[in-house]
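Q: Please take a close look at one part of this structure, the aromatic cluster. I should like a connected account of how its rings are arranged and of the setting in which they lie.

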Amino acid sequence: TASSKVIPNKEYFTFGILSNTWNSDTEEGILTASREVTSINEQAFANCTNLKSIKIPEKCLSIEDWAFADCTSLNHVFILDSTEEIAGFNGCTSLSTIQMGAGIKKIKESTFNGCSSLNELVFNSNMNILEENCFRGVSCPIIFKESCNFSKVENFDIYKNIPVQIEFLKDVSFPEGSIIGSGAVRKTIIHGDLFISTDIPDGLN
């Protein structure tokens with residue numbers, strides 16, 4: 001959906017485009033690629049400032065770095081259960097709602113950097129890796145609804161000293177060999193049992 005037809009960056013959007021239609025009555029656009037989209041490449045839609053909402057295609061496994069960077073009108077993102085890794089929403093200053101599929105395992109570096117308008121981030125049980133600065137600039141609650149089995153949590157580096165509420169509604173586990181980076185939860189308000197009753201294995205790094 002956009003205020004007009006959105007044209008991806010051809011040097012980064014590597015699929016041929018079979019059709020790019022726009023319905024002015026519903027204000028919706030549909031981009032049809034020449035083959036099944038299993039990944040949205042780096043910078044594919046970067047700086048598409050008229051893009052307002054996006055539904056990630058079914059069977060898309062990953063959203064790469066800077067894929068939607070600086071899409072300053074982007075307000076809503078819908079991600080299906082097939083997507084496992086996400087990145088690339090940095091600089092989306094109007095993004096307020098993002099519906100996460102249950103399959104997401106990894107939030108890559110700087111994914112939501114500067115997404116200051118988000119109302120809430122809710123993740124499900126498959127979450128495994130949170131990379132550096134993935135929530136930088138976010139001031140909304142970050143909620144993990146189900147049991148999470150983290151293997152790597154890096155520095156969140158919250159922007160401008162804004163405290164962020166991180167809530168774990170069920171148990172969180174860190175298996176042997178897991179890595180918790182320096183300052184991983186710096187400037188955060190923790191809810192749940194992360195540092196109260198969580199088992200910390202001897203092999204934690």
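A: In this predicted model, ring pairs join F13, F15, F45, F68, F89, F112, F123 and F135 into a cluster. Under the criterion that ring centres lie within 6.5 Å, there are seven aromatic pairs.

One of these pairs is formed by F45 and F68, whose rings are stacked, with 5.3 Å from centre to centre and 5° between the planes. F45 belongs to the loop between β3 (39-40) and β4 (53-55), while F68 belongs to the loop between β5 (62-63) and β6 (76-78), so this pair ties together parts of the chain that are 23 residues apart in sequence. With regard to solvent, F45 has a relative accessible area of 7% and is buried. F68 is likewise classed as buried, because its relative accessibility of 0% falls under the 20% limit for that class.

F68 also takes part in a second pair, with F89; this one too is stacked, at 5.3 Å between the centres and 5° between the planes. Here the link runs from F68, in the loop between β5 and β6, to F89, in the loop between β7 (85-86) and β8 (97-99), and the two residues are 21 apart. Both F68 and F89 are buried. F68 therefore has a stacked pair with F45 and another with F89.

The surrounding protein gives this cluster its context. It has zero helices and 18 strands, and buried residues account for 43% of its 205 residues. Of the contacts between residues at least 6 apart in sequence, 35% join residues at least 24 apart. The exposed area of the protein is about 10,000 Å², and carbon and sulfur atoms supply 45% of it.

Among the strands, β1 (residues 17-23) and β2 (residues 28-33) pair in the antiparallel sense over six bridges, and I17 stands opposite A33 in β2. These two strands form a hairpin with four residues between them, and E27 in the turn has a positive phi of about 55°.

Confidence varies along the chain. The mean pLDDT of the protein is 79, and 72% of the residues score at least 70. Confidence is highest in β5, at 96, and lowest in strand β18 (residues 188-191), at a mean of 46. Over residues 185-201 the pLDDT stays under 50, although the model has 36 contacts beyond four places in sequence for them. Where pLDDT is low, predicted coordinates should not be read in detail.

How values were computed:
Residues are numbered from 1 along each chain as its sequence is written. This is a predicted model: local features need pLDDT of at least 70, side-chain atom pairs count only at pLDDT 80 or more; totals for chains, interfaces and linings use all residues. Side-chain values use heavy atoms; hydrogens and water are left out. Rings of Phe, Tyr and Trp (its six-membered ring) pair if their centres lie within 6.5 Å; planes under 30 degrees apart count as stacked, over 60 as edge-to-face and the rest as tilted. Buried means under 20% relative accessible area, exposed over 50%, partly exposed in between (1.4 Å probe, protein chains only). pLDDT is the predictor's confidence in each residue, from 0 to 100. Contact means heavy atoms within 4.5 Å. Two strands pair if DSSP finds at least two bridges between them. Accessible areas come from the Shrake-Rupley method with a 1.4 Å probe; for residues, only the protein chains shown count as cover.
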